Amino acid sequence: MKAWRVLEHGEPSTVMRLEHDVPAPVPGSGQVSAQVRAATVNFPDALLCRGQYQVRPPLPFTPGIEVCAQVVEVGPDVDGVAPGDRVVGSPSLPHGGFAERTVLDASSSHPAPAGLDDASASAFYVAYQTGWFGLHVRAGLRAGETLLVHAAAGGVGSAAVQLGKAAGARVIGVVGGDEKVAVARALGADLVVDRHREDVVAVVKEATGGRGADVVYDPVGGDAYTQSSKCVAFEGRILVVGFASGTIPTPPLGHALVKNYSIVGLHWGLYAQRDPDAVRQAHDTLCALVDKGLLTPLVSERVGLDAAAEAVQRVADGRTTGRVAVTVV
Ligand SMILES: NC(=O)c1ccc[n+]([C@@H]2O[C@H](COP(=O)([O-])OP(=O)(O)OC[C@H]3O[C@@H](n4cnc5c(N)ncnc54)[C@H](OP(=O)(O)O)[C@@H]3O)[C@@H](O)[C@H]2O)c1
């Protein structure tokens with residue numbers, strides 16, 4: 001089969017190689033193998049290529065952490081998933097999704113929403129699950145609160161904007177550049193700040209009558225975190241989601257003490273490992289929100305399998321909006 005493989009760590013466009021004769025992976029106990037229909041690019045794919053992700057699969061490996069796929073074969077001890085099922089989920093590395101075939105743990109294979117095509121369905125797992133657990137389980141977002149989302153036109157950011165609106169929050173999005181401003185507005189953000197041209201802290205304070213944002217969704221770190229700490233509300237919650245800027249903040253805890261706010265870590269993958277039932281329930285809730293028209297993955301580009309490495313590089317460089325889906329069939 002065709003599969004992209006990483007043989008050494010480095011920049012995605014340099015180290016990802018498309019190979020044409022890779023053996024199709026075989027499902028182990030509790031796993032299924034599946035024909036990939038579409039795989040969405042995530043920032044962690046770039047971190048995997050660089051060897052900087054929290055998981056470091058042995059070399060060589062195939063990146064691609066999110067797919068819509070059709071089950072071909074089930075391994076021993078699998079219940080509830082059968083050949084022919086159209087599922088979404090995270091592949092079991094080293095057999096990632098930028099390939100014709102992949103392997104998933106049955107516990108992380110969920111029915112693909114019927115109302116979403118393959119590309120959109122492939123973008124309906126990691127970002128929405130992360131947003132759901134972050135906003136509701138970790139930060140306790142309430143209707144009427146103000147939610148500030150950094151990288152609001154990006155992958156996890158665009159999902160957080162939609163989830164914030166679905167929860168009845170007022171959403172302020174922060175983005176870099178005119179094109180992304182338009183995307184964040186179209187997603188439903190009530191107010192959009194262009195970080196290249198505007199003072200994020202001043203805009204948020206003015207828009208909230210000086211109170212600040214109740215919940216901050218931060219997949220960026222670096223300067224974005226510093227700005228958040230300056231415009232978070234009394235009893236606010238800053239969700240630490242990721243570090244796309246490349247800088248992991250080291251905040252002075254005295255500041256959290258004097259301003260009465262919480263710094264809340266979020267590693268959604270741990271929920272997937274420790275509490276698959278909670279992930280399944282969240283998936284059902286999220287599918288119901290799709291049916292109501294409240295969530296629609298923002299797939300702004302569809303590229304063929306041959307273009308996967310270049311797509312991962314563009315996400316790594318912050319040059320994309322929404323999601324880039326690699327369509328395989
Ligand atoms: N905690 C979890 O469980 C979890 C789950 C999934 C993903 N994540 C993390 O979430 C982050 C975002 O992932 P994603 O796939 O959704 O990516 P993404 O948001 O589509 O891309 C990153 C965005 O960050 C912004 N950015 C600001 N400074 C940047 C810089 N120096 N370099 C690159 N981008 C920069 C850019 O948006 P603007 O130009 O608009 O600011 C860029 O588009 C990653 O760090 C990922 O690891 C965490």
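**Exercise 1. Aspartate 77 and glutamate 235**

Task: State in which element aspartate 77 lies and whether it is buried or exposed, then do the corresponding steps for glutamate 235.

Solution:
- Step 1. Aspartate 77 sits in the loop between strand 4 and strand 5. Helices (H or I, at least four residues) and strands (E, at least two) are DSSP runs, numbered from the N terminus. The model is predicted: local features need pLDDT of at least 70, side-chain atom pairs count only at pLDDT 80 or more, and totals for chains, interfaces and linings use all residues. Residues are numbered from 1 along each chain as its sequence is written, and side-chain values use heavy atoms, with hydrogens and water left out.
- Step 2. Aspartate 77 is not a glycine, yet its phi is positive, at about 60°.
- Step 3. The relative accessible area of aspartate 77 is 66%, so it is exposed. The classes are buried under 20% relative accessible area, exposed over 50%, and partly exposed in between (1.4 Å probe, protein chains only).
- Step 4. Glutamate 235 belongs to strand 11 (residues 232–240). Its phi is near 65°, a positive value in a residue other than glycine.
- Step 5. With 52% relative accessibility, glutamate 235 counts as exposed.

**Exercise 2. Two cis peptide bonds**

Task: Find the loops that hold proline 60 and proline 94, and give omega for the cis bond of each.

Solution:
- Step 1. Leucine 59 and proline 60 are joined by a cis peptide bond with omega of about -10°. Proline 60 is in the loop between helix 2 (43–50) and strand 4 (67–74).
- Step 2. Leucine 93 and proline 94 are also joined by a cis peptide bond, here with omega of about 20°. The loop that holds proline 94 runs between strand 5 (86–91) and strand 6 (101–111).

**Exercise 3. The open sheet**

Task: Give the strand order of the six-stranded open sheet and explain why strand 9 and strand 12 each have one side without a neighbour.

Solution:
- Step 1. The order is 9-8-7-10-11-12, and the pairing is parallel. Two strands pair if DSSP finds at least two bridges between them.
- Step 2. Strand 9 (191–194) and strand 12 (262–265) are at the edges; each has a single partner strand, so one side of each lacks a neighbour in the sheet.
- Step 3. From one strand to the next, the twist averages 20°.
- Step 4. Three bridges pair strand 7 (residues 146–150) with strand 10 (residues 213–218) in the parallel sense. Leucine 147 has valine 215 of strand 10 as its bridge partner.
- Step 5. Helix 5 (residues 155–166) packs on this sheet and touches strand 7, strand 8 (170–175) and strand 10. The direction of helix 5 makes about 170° with that of strand 7.

**Exercise 4. The partners of strand 3**

Task: Is strand 3 (residues 31–40) largely enclosed or not, and how many bridges join it to strand 6, strand 4 and strand 14?

Solution:
- Step 1. Eight of the 10 residues of strand 3 are buried, so the rest of the structure largely encloses it.
- Step 2. Strand 3 runs antiparallel to strand 6, with five bridges. Here glutamine 35 is opposite arginine 101.
- Step 3. Strand 3 pairs with strand 4 in the antiparallel sense over seven bridges, and glutamine 35 is opposite glutamine 70 of strand 4.
- Step 4. Strand 14 (residues 323–327) pairs with strand 3 in the antiparallel sense over three bridges. Threonine 40 has alanine 325 in strand 14 as its bridge partner.

**Exercise 5. Helix 4 against helix 11**

Task: Work out how helix 4 (residues 126–138) is oriented to helix 11 (residues 276–291).

Solution:
- Step 1. The two axes come within 10 Å and cross at roughly 105°. Axes are lines fitted to C-alpha atoms, for helices over the stretch in contact, and angles run from 0 to 180 degrees between N-to-C directions.
- Step 2. Helix 4 is therefore roughly perpendicular to helix 11. Angles under 35 degrees count as roughly parallel, over 145 as roughly antiparallel, 65 to 115 as roughly perpendicular and the rest as oblique.
- Step 3. Helix 4 contributes Tyr128, Gln129, Trp132 and Phe133 to the contact (heavy atoms within 4.5 Å), and the residues from helix 11 include Ala278, Val279 and Leu289.
- Step 4. Helix 4 is mostly covered, with 10 of its 13 residues buried. Among them are Tyr128, Trp132 and Phe133.
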